[in-house]
Structures are given as C-alpha cells and as structure tokens.
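I opened this notebook to record, entry by entry, what I looked up in the structure and what I found there. The sequence and the model come before the entries.

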Amino acid sequence: MTTTLPDTAVVLGADVPDWRTAVRESGRALTRAKVTRPEYTERMIGVIEEFGAYVVIAPGLALAHARPGPDVLGEGLSVVTLATPVDFGHPHNDPVRVVIGLAVANAEEHVASVARLANVFNDLGVIDRLAQATDADEVRVLLGVPAGGEA
C-alpha cells in the first residue's frame, strides 16, 4: 500500500506550547485525513508518556505513532511543522521542529513505513527543508509521497 499525504494532513507553522500539543496537532491531522479516529491521538501521547522520547528519531524530528488498533482506519502520514521548536525530553535530538504522525493498520505496514521514512531522513538536511516548507506540495516532494484522495 502506498502512503499518501493529503493537504488535510499537513499543518505548517503550528504554534504549540509543548510536545503533547504538537502530537495532538499531528493526530488531528491524521483524523482529518480519515486515517484514524480521535482516540489514536491519545494513544500516541500514551506511548511517549510510557516509553519516553524515543520517538524523537533525529535532531529536530519526532515520529509520533502507536500500535495498530481499531482506531486506525488505514495507513497514513501527517506532517506538522512548529513555529517554535518544543522539547520532548530526548537527551540529544531536542528541540523538535517537525512532527510526523504515522498510522498503520498492521505490524507489516508499520515496519515498511518506518523503513521508507528512515531512507528519506538519511539526508538530515530534509528535516531543515521540511521545517521551512511553505506548502503541502513541497512537503510531499521532500517525503516522496503522493497527495492521494482529499478528505
């Protein structure tokens, strides 16, 4: 399955006070794109509360996600860039400027999606370019994903 990134799943320059609000923005974008139900957002936050800031996978970048569950309607991404970076509590990769939300329906999709994203972020310059993106098309080009159907 090809992951898509509709305009409804992209939020540029979000003004958030903390990491929880940043993750909520990401979750709301997944819900707007009709890939998750609202409960998924709270599960993403719960993962970070339970396991820590391991979701901050590179300097300035968080990959918010939770396990597949009934609140996941399909595979999808959201991208939220932050007007002001926020700390997630990671010892090396804070502060975060870009939050990518990931939703997958099963474990196989999860592994494949993370692998595809890891390839994109082998070039750490992509994070800076995402943080400075001015529209959803630019974000899609940087991530190498199509727009897909609009919600």
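Entry 1, elements. I count helices as DSSP runs of at least four residues marked H or I, and strands as runs of at least two marked E, both numbered from the N terminus. The model I am reading is predicted, and in its protein chain I find five helices and five strands. Reading from the N terminus on, I note the order of the elements as β-α-α-β-β-β-β-α-α-α.

Entry 2, overall form. I asked how the radius of gyration of the protein chain compares with that of a compact globule. For 151 residues such a globule would come near 15 Å, and the chain has 14 Å, which agrees. The C-alpha trace spans about 35 × 30 × 25 Å along its principal axes. I also looked up burial, and buried residues make up 50% of the 151 residues. The chain exposes about 6,900 Å², of which carbon and sulfur atoms supply 54%. Taking the contacts between residues at least 6 apart in sequence, I see that 69% join residues at least 24 apart.

Entry 3, helix H1. I checked the length of H1, whose 14 residues should span 20 Å at 1.5 Å a residue, and its end C-alpha atoms are indeed 20 Å apart, so the two agree. Which residues of H1 are buried? I list Trp19, Ala22, Val23, Glu25, Ser26, Gly27, Ala29 and Leu30. The cover over these buried residues includes strand E1 (10–14), helix H2 (39–51), strand E3 (61–65), E4 and E5.

Entry 4, aromatic rings. My search of the whole structure for aromatic pairs gave one. The ring centres of Trp19 and Phe88 lie 5.8 Å apart with planes at 35 degrees, and since planes under 30 degrees apart would count as stacked and those over 60 as edge-to-face, I enter this pair as tilted because of its angle. The pair links distant parts of the chain, with Trp19 in H1 (residues 19–32) and Phe88 in the loop between E4 (76–86) and E5, 69 residues apart. I find both Trp19 and Phe88 buried.

Entry 5, the core. The largest nonpolar core holds 53 residues, and those touching the most other members are Leu5, Leu82, Phe88, Val99, Ile100, Phe121 and Leu143. Strand E5 (residues 96–103) gives the largest share of this core, six residues. I then followed Phe121, which, leaving aside residues up to four places away in sequence, touches Leu61, Ile100, Val126, Ile127, Leu130 and Leu143. As background I add that nonpolar side chains tend to be buried together in soluble globular proteins.

Notes. Residues numbered from 1 in each chain as written. Predicted model: local features only at pLDDT ≥ 70, side-chain atom pairs only at ≥ 80, totals over all residues. Heavy atoms only, no water. Core = buried A, V, L, I, M, F, W, Y, C linked by side-chain atoms within 4.5 Å. Buried < 20%, exposed > 50% of the residue type's maximum accessible area, 1.4 Å probe, protein only. Contact = heavy atoms within 4.5 Å. Phe/Tyr/Trp six-rings, centres within 6.5 Å; stacked < 30°, edge-to-face > 60°. Rg over C-alpha atoms; globule rule 2.2 N^0.38 Å. Areas by Shrake-Rupley, 256 points an atom, 1.4 Å probe, with all protein chains shown as cover. Expected span 1.5 Å × (residues − 1).
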